[in-house]
Amino acid sequence: MSILYPPLPDYPVKTSFSSIEPQLKKRELLALEAPTGSGKTTLLPLLIHTKGLSSKKILLTQPRRLAAKSVTQRMAQLTSTKAGDLVGYRLRGESRVSSETRIEVVTEGYALAMLQADPFMSGYDWVIIDEFHERHIEGDLLLAFLRDLRSSVGPDDSPGLVLMTATWQGQPREALTDFSFNSIEGRLFPVHRSFSKEPSQPEQNLQARLELAVIQAVSETSGKVLVFLPGRREIEDAYRHFSARNSDYELSRLYGGMELSEQQKVLNYDGPRRQIILSTAIAETSLTIEGVTAVVDSGLERLPLYQPNLGLTRLVTRRVSRATAVQRAGRAGRLGQGSCFSLWTE
């Protein structure tokens with residue numbers, strides 16, 4: 001007996017689904033570009049399921065544990081079900097799935113372990129690799145193994161494969177000639193962007209410039225303020241700095257090394273005080289933080305960089321790309337008109 005779910009919201013991915021549905025029916029390799037707010041992460045797996053394009057299970061990968069859990073909860077909410085029913089997740093040391101689960105959300109690393117246990121991915125007829133532009137080694141390996149599986153056994157006996165990204169800018173499209181590329185326009189609200197009046201070097205006077213921008217964001221907007229910083233050290237410094245000066249706001253820290261339960265408390269905060277969230281790049285994609293109307297962007301990120309002459313990988317702080325800056329600003333425009341305050345000159 002088929003189950004009727006509530007109508008899905010009319011996000012761009014839903015309204016444009018008819019343009020990619022023929023390719024999905026033919027099980028072509030699909031590369032989908034859709035910006036923040038288009039609904040690609042939550043709606044595409046649900047549309048594949050509800051349109052009858054899946055006879056087994058759908059595997060959706062996320063780059064982080066927090067995103068996997070948050071996406072699962074959001075899809076369960078959209079279908080008026082509970083996590084573990086239609087949509088579930090599998091994480092290291094924790095899972096919520098059942099015999100009824102048809103969409104499973106996992107991290108890229110967990111998907112690699114699943115592929116190792118079952119090289120044919122026999123229980124799944126779709127694998128969707130989300131946030132591909134973040135480019136982790138686990139995601140690249142997963143893509144390579146799935147393409148090898150498809151070339152070995154053919155498209156009829158291997159899972160269909162979808163790559164999803166917010167932007168292909170700077171990404172190796174030329175290495176994906178077997179994929180069909182499609183773009184879907186987003187539906188972000190306008191975001192007014194403000195820039196610093198004086199040039200700066202990375203991390204130079206970061207605390208002073210950050211304080212001015214946060215004060216401006218708080219005074220000119222009314223919702224939550226999301227602050228992007230390069231790493232935990234800067235987050236802890238900013239937390240101590242702001243805690244010592246003002247207790248009127250709910251200061252929250254958000255970074256990858258936190259316990260998952262603590263990360264979720266930050267996302268689900270609904271208290272009386274206005275929330276200021278000090279975050280790393282973990283909040284750039286996938287996570288929906290309700291109520292954000294302002295973004296303060298340091299313009300910096302910290303990434304592991306392999307140095308072949310030393311044979312070592314070290315963390316490097318560098319300026320973000322233009323595409324990343326646009327994506328960060330877009331976090332302020334998901335629910336309504338927003339503002340972004342950038343700590344660099346226009």
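Helices (H or I, at least four residues) and strands (E, at least two) are DSSP runs, numbered from the N terminus, and with that naming in hand the tour can begin in the loop between α4 (65-78) and β3 (87-91), where T79 has its place. The model is predicted, so that local features need pLDDT of at least 70 and side-chain atom pairs count only at pLDDT 80 or more, while totals for chains, interfaces and linings use all residues. Residues are numbered from 1 along each chain as its sequence is written, and side-chain values use heavy atoms, with hydrogens and water left out.

**Stop 1: T79**

Select T79 and ask whether this residue is buried or exposed. At 4% relative accessibility T79 counts as buried, where buried means under 20% relative accessible area, exposed over 50%, and partly exposed in between, for a 1.4 Å probe and protein chains only. Add T81 to the selection, since a polar contact of 2.9 Å joins the side chains of T79 and T81; a polar contact is a pair of N or O atoms within 3.5 Å, of which, within protein, one must be able to donate a hydrogen and the other to accept it, and residues adjacent in sequence count only if both atoms are side-chain atoms. Leaving aside the neighbours within four places in sequence, T79 is in contact with Y5, P6, L46 and L86, contact meaning heavy atoms within 4.5 Å.

**Stop 2: T101**

Move next to T101, in the loop between β4 and β5 (103-107), which counts as buried at 1% relative accessibility. A polar atom of the T101 side chain lies 2.9 Å from the backbone oxygen of D85, and the side chain of T101 also reaches the backbone nitrogen of S98, at 2.8 Å. If neighbours within four places in sequence are set aside, the residues in contact with T101 are K57, G84, D85, L86, V87 and G88.

**Stop 3: the open sheet**

Now colour the eight strands that form an open sheet in the order β4-β3-β5-β2-β6-β7-β1-β8, with mixed pairing; two strands pair if DSSP finds at least two bridges between them. Because β4 (94-96) and β8 (180-183) stand at the edges with a single partner strand each, one side of each is left without a neighbour in the sheet. From one strand to the next the twist averages 20°, the angles running from 0 to 180 degrees between N-to-C directions, with axes that are lines fitted to C-alpha atoms, for helices over the stretch in contact. Within this sheet, pick out β2 (residues 57-62) and β6 (residues 124-129), which run parallel and are joined by five bridges. Which residue of β6 is the bridge partner of L60? The partner is I128.

**Stop 4: R27**

R27 is found in the loop between α2 (17-25) and β1 (30-33), and its relative accessible area of 17% makes it buried. The R27 side chain reaches the backbone oxygen of D125 at 3.3 Å, and, with neighbours within four places in sequence left aside, R27 is in contact with D125, W126, R150, P155, S158, P159 and G160. For a long-range view, select E198 together with R27: they are 171 residues apart in sequence and 52 Å apart in space, C-alpha to C-alpha.

**Stop 5: α5 against α6**

Show helix α5 (residues 108-117) and helix α6 (residues 137-153), which pack at an angle of about 35° with their axes 8 Å apart. From α5 the contact draws on E108, G109, A111, L112 and L115, and from α6 on E138, G139, L141, L142, F145 and L146.

**Stop 6: β10 and α10**

Finally, select β10 (224-228), a mostly covered strand with five of its five residues buried. Both of its faces are covered, K224, L226 and F228 being buried on one side and V225 and V227 on the other. β10 pairs in the parallel sense with β13 over five bridges, and the bridge partner of V225 in β13 is A294; β10 also pairs in the parallel sense with strand β12 (residues 274-279) over four bridges, where F228 has S279 as its bridge partner. Add helix α10 (residues 322-330), also mostly covered, with seven of its nine residues buried, namely A323, T324, A325, Q327, R328, A329 and G330. These buried residues of α10 pack against β9 (191-195), β10, β13 (292-297), β14 (300-307) and β16 (338-342).
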